[in-house]
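Reader: Please show me the structure under discussion. I shall then ask on what grounds each label has been given.

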Amino acid sequence: MVLHNASIDPHKSTHGYYECQACGARTTSDHRLETCPACGGDVRNIAVARE
Ligand SMILES: [Zn+2]
């Protein structure tokens, strides 16, 4: 499931929340995600608070 920004607060997500490094698509996943479902690029997990 690909979601667009602003509708999701990553701090409320208990599961994986990923952002594609290539196209910027944000995706939530219940399991570990390593590639972007939209473009196949590398994703990083942004669910961890960085404040
Ligand atoms: Zn992508």
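Author: The exchange below sets several labels against their criteria. The model is a predicted one.

Reader: What are the elements of the chain, from the N terminus on?

Author: They run β-β-β-β. The chain has four strands and zero helices.

Reader: What makes R32 exposed?

Author: A residue counts as exposed if 12 or fewer other C-beta atoms lie within 10 Å of its own. R32 has 8 such atoms, and is therefore exposed. R32 lies in the loop between β3 and β4. Its C-alpha atom is separated by 9.0 Å from that of N45, 13 residues apart along the chain.

Reader: Why is D42 called exposed?

Author: D42 has 12 other C-beta atoms within 10 Å. Because the criterion for exposed is 12 or fewer, D42 meets it. D42, too, is found in the loop between β3 and β4.

Reader: Which residues is D42 in contact with, leaving aside its neighbours within four places in sequence?

Author: D42 is in contact with Q21, A22 and T35. Contact here requires C-beta atoms within 7 Å. For one of these partners there is also a C-alpha separation: D42 and A22, 20 residues apart along the chain, are separated by 6.7 Å.

Reader: How do you know that β2 and β3 pair?

Author: Pairing requires at least two bridges between two strands. Four bridges join β2 (residues 16-20) to β3 (residues 26-29), so the two strands pair. They run antiparallel, and E19 stands opposite R26 in β3.

Reader: What lies between the strands of this hairpin, and which residue there takes a positive phi?

Author: The hairpin has five residues between the strands, and G24 takes a positive phi near 85°.

Reader: Why is the set of Y17, Y18, C20, C36 and V43 called a nonpolar core?

Author: A nonpolar core is made of buried residues of types that include Tyr, Cys and Val, joined through C-beta atoms within 7 Å. These five residues form the largest such core in the model. Strand β2 gives the most to this core, with three residues. In soluble globular proteins, nonpolar side chains tend to be buried together.

Reader: Which residues does C36 touch, not counting those up to four places away in sequence?

Author: C36 touches C20, A22, C23, A25, T27, G41 and V43.

Reader: How much of the chain counts as buried?

Author: Of its 51 residues, 12% count as buried. Of the contacts with a separation of 6 or more, 32% are accounted for by residues 24 or more positions apart.

How values were computed: Residues are numbered from 1 along each chain as its sequence is written. This is a predicted model: local features need pLDDT of at least 70, side-chain atom pairs count only at pLDDT 80 or more; totals for chains, interfaces and linings use all residues. A residue is buried if 20 or more other C-beta atoms lie within 10 Å of its own, exposed if 12 or fewer, and partly exposed in between; C-beta atoms are placed from the backbone. Two residues are in contact if their C-beta atoms, placed from the backbone, lie within 7 Å.
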